[in-house]
Amino acid sequence: DASGANLGAPGVDVRSDDTRLLCRFSGPWITQTVAQVDGRMREIEGEGGKKRVALDLSGVDSIDTAGAW
């Protein structure tokens with residue numbers, strides 16, 4: 001099944017302080033699932049103005065080039 005329906009959903013948790021944006025990613029970040037978080041990722045992109053961004057990928061189950069965009 002190429003739909004990704006049985007793969008679970010990708011997740012992103014965002015925390016912020018005065019200087020840093022911390023994004024923790026989880027689940028499958030692959031072609032079949034990334035559309036589920038596209039809107040949230042665009043919101044995060046609009047939160048600019050932080051000097052530093054930290055990405056935590058330790059909770060990612062799988063990733064392909066679509067998920068790495």
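The paragraphs below lead through the sheet, the helix, a surface patch and the charged pairs of this structure. This is a predicted model, in which local features need pLDDT of at least 70 and side-chain atom pairs count only at pLDDT 80 or more, while totals for chains, interfaces and linings use all residues. Residues are numbered from 1 along each chain as its sequence is written, and side-chain values use heavy atoms, with hydrogens and water left out.

A good place to begin is the sheet, where three strands lie in the order 1-2-3 and form an open sheet with mixed pairing. Strands here are DSSP runs of E with at least two residues, helices are runs of H or I with at least four residues, and both are numbered from the N terminus; two strands pair if DSSP finds at least two bridges between them. Strand 1 (11-16) and strand 3 (52-63) are the edge strands, each pairing on one side only, and from one strand to the next the twist averages 10°. Strand 1 is joined to strand 2 (residues 20-29) by six bridges in the antiparallel sense, and Val14 has Cys23 in strand 2 as its bridge partner.

Helix 1 (residues 38-45) packs on this sheet and touches strand 1 and strand 2, its direction making about 20° with that of strand 1. Contact means heavy atoms within 4.5 Å, and angles run from 0 to 180 degrees between N-to-C directions, with axes taken as lines fitted to C-alpha atoms, for helices over the stretch in contact.

We can turn next to the charged side chains. Side chains of opposite charge can pair when their charged atoms come close. The structure holds four salt bridges, each being a side-chain nitrogen of Lys or Arg within 4 Å of a carboxyl oxygen of Asp or Glu. One of them joins Arg24 and Asp56, at 3.5 Å from N to O, and this pair links distant parts of the chain, since Arg24 is in strand 2 and Asp56 in strand 3, 32 residues apart. Another joins Asp38 to Arg42, with the closest N and O atoms 2.9 Å apart; both residues lie in helix 1, four residues apart, which is about one turn of the helix. Arg42 counts as exposed at 53% relative accessibility, whereas Asp38 is partly exposed at 25%, where buried means under 20% relative accessible area, exposed over 50% and partly exposed in between (1.4 Å probe, protein chains only).
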